Amino acid sequence: LWSSSMSQESQKKESGAFVNVLKSLTAGTVAGVAQVITGYPLDTVKIRLQTQDPKNPKFNGALDCIKQTLRNEGPRGFFKGMSSPIAGVGGLNAVLFGAYGFATRSLSDSNVAAGKPRQLTISQVALAGSFAGIVNTIICSPVEMLKTQLQIQYNNPNEPAKYKGPMDLARHIMKTDGASGLARGIVSCTWRESIANGAFYGTFEFAKRFFARREGVDPSKLQAHWLVLSGSLAGIGYWTSSYPLDVIKSRIQSDPFGGAPRKYVGVVQTAKLIIAEEGAAALFKGYATCIARTIPAAGATFLAYEMTMRALNS
């Protein structure tokens, strides 16, 4: 009887853990769709500013980039390559939020086992975020590489694009460069995702707890506008902590394929080259545009995640 009771208890725990993972994956997917839809146009502007030729720049700032894109390519120009993150958003955010959920539960259990409060410290939340970011790189890096290559295609609506979409581009890269081509930029992406997601989740949790204390409520009962504000602050933390690495990643991933000479090869070499040719300020090209994008996008991300999790838990 004792053995049977223990077995049933173990099965309940395993079932509960599986359900929690499914909830995290579902909420992460909903959050990812919200993020892509709200932030993609300005993400295209950011990528174009980051990757333009420093010796012969095509755009004189974000507003000029917006004007030229509208004039030469129409509104669709801002959405080039969006099918890549939309197609991968389920996997991307499912892995990210799923890994984050796993890490936070593991750290909470570890706290309890050590006789400490179950609630994680902010530093533990940031650690869980960094872990999730590293795991997420497996999917994030190739998706971002395809997105970047498609975003820097400059053709008007009446001209055929060089690549019809992410699948066409992926086939071309596999043919000319093999699987290593799809993995280009994975080191810079790993560094960016680890640092950025640590800041992202840590900032969000800090802000959420701060506003909850201010309102005199439990963080799980915080109103939607406070969640949006916390998410926006988290987005600023994400990009401010990692932006130079994002510029480096974009340069590496925007280099041509098919045996063409590459200008940017690795993280250190790319950083040195950018600073030597353009100065350290070039590592923050497009930063203002990025922050303008991330405030609504990150707010929408966390609002969608939190509200979906509440609905699933109710």
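In this predicted model, helix H1 gives the largest share of the lining of the largest cavity, namely seven residues. The space inside this cavity amounts to about 520 Å³, and of the 33 residues that line the cavity, Gln35, Glu144, Arg192, Tyr238 and Arg293 are the closest to its centre. By the rule applied here, the structure holds one cavity of 30 Å³ or more. At least two lining residues come from each of H1, H3, helix H4 (122-151), H7, helix H8 (224-254) and H10. Sorted by character, the lining of the largest cavity comprises 15 nonpolar, nine polar and nine charged residues.

Beside this cavity, the pockets of the model were also examined. The largest pocket has a volume of about 910 Å³, and among the 26 residues that line this pocket, those closest to its centre are Thr104, Glu205, Lys208, Glu306 and Met309. Helix H1 (2-51), helix H3 (83-113), helix H7 (186-215) and helix H10 (287-313) each contribute at least two residues to the pocket lining, which is made up of ten nonpolar, eight polar and eight charged residues.

Met309, one of the residues closest to the centre of the largest pocket, is placed in helix H10. Its relative accessibility is 17%, and methionine 309 therefore counts as buried, since the limit for that class is under 20%. Not counting residues up to four places away in sequence, methionine 309 touches Lys23, Ser24 and Ala27. Threonine 26, which lies in helix H1, is 283 residues from methionine 309 along the chain, and yet the C-alpha atoms of the two are separated by 8.4 Å. Threonine 26 has a relative accessibility of 39% and so counts as partly exposed. Between methionine 309 and arginine 118, by contrast, the C-alpha atoms are 19 Å apart in space, with the two positions 191 residues apart in sequence.

Another threonine, threonine 148, lies in helix H4 and has a relative accessibility of 0%, so that threonine 148 counts as buried. When neighbours within four places in sequence are left aside, the residues in contact with threonine 148 are Ile47, Lys249, Ser250, Gln253 and Ser254. The C-alpha atom of lysine 67, a residue 81 places from threonine 148 along the chain, is separated from that of threonine 148 by 20 Å.

In soluble globular proteins, nonpolar side chains tend to be buried together. In the present model the largest nonpolar core holds 43 residues, of which Phe200, Tyr201 and Ile274 touch the most other members. Two or more residues of this core are given by each of H1, H3, H4, H7, H8, helix H9 (267-278) and H10, and the largest share, nine residues, comes from H8. For phenylalanine 200, the residues touched are Gly231, Ala234, Gly235, Tyr238, Ala298 and Phe302, with those up to four places away in sequence not counted. Apart from the largest core lies another core, of nine residues, including Leu169, Ala170, Leu182 and Phe257.

A pair of aromatic rings is described by the distance of the centres and the angle of the planes. Over the whole structure, twelve aromatic pairs were found. One of them is formed by phenylalanine 59 and tyrosine 154, a tilted pair at 5.9 Å centre to centre and with 55° between the planes. This pair links distant parts of the chain, 95 residues apart, because phenylalanine 59 lies in the loop between H1 and helix H2 (62-73), whereas tyrosine 154 lies in the loop between H4 and helix H5 (166-176). The partners also differ in accessibility: phenylalanine 59, at 5% relative accessibility, counts as buried, while tyrosine 154, at 34%, counts as partly exposed. For tyrosine 238 and tryptophan 239, the ring centres are 4.9 Å apart and the planes stand at 65°, so this pair is edge-to-face; the cut-off for that class is over 60 degrees. Both tyrosine 238 and tryptophan 239 are buried.

Ring pairs further join Tyr100, Phe200, Tyr201, Tyr238, Trp239, Tyr243, Phe284 and Tyr287 into a cluster. Tyr238 thus appears in several parts of this description, as a member of the ring cluster, as a residue touched by phenylalanine 200, and as one of the residues closest to the centre of the largest cavity.

Definitions and conventions
Residues numbered from 1 in each chain as written. Predicted model: local features only at pLDDT ≥ 70, side-chain atom pairs only at ≥ 80, totals over all residues. Heavy atoms only, no water. 1 Å grid on protein atoms, 1.4 Å probe; cavity = no way out; pocket = protein on both sides within 12 Å on 5 of 7 lines; lining within 4 Å. Points joined across faces, edges and corners; volume = space filled by probe spheres on them. Helix = DSSP H or I, 4+ residues; strand = E, 2+ residues; numbered from the N terminus. Nonpolar A, V, L, I, M, F, W, Y, C, P; charged D, E, K, R; others polar. Core = buried A, V, L, I, M, F, W, Y, C linked by side-chain atoms within 4.5 Å. Buried < 20%, exposed > 50% of the residue type's maximum accessible area, 1.4 Å probe, protein only. Contact = heavy atoms within 4.5 Å. Phe/Tyr/Trp six-rings, centres within 6.5 Å; stacked < 30°, edge-to-face > 60°.
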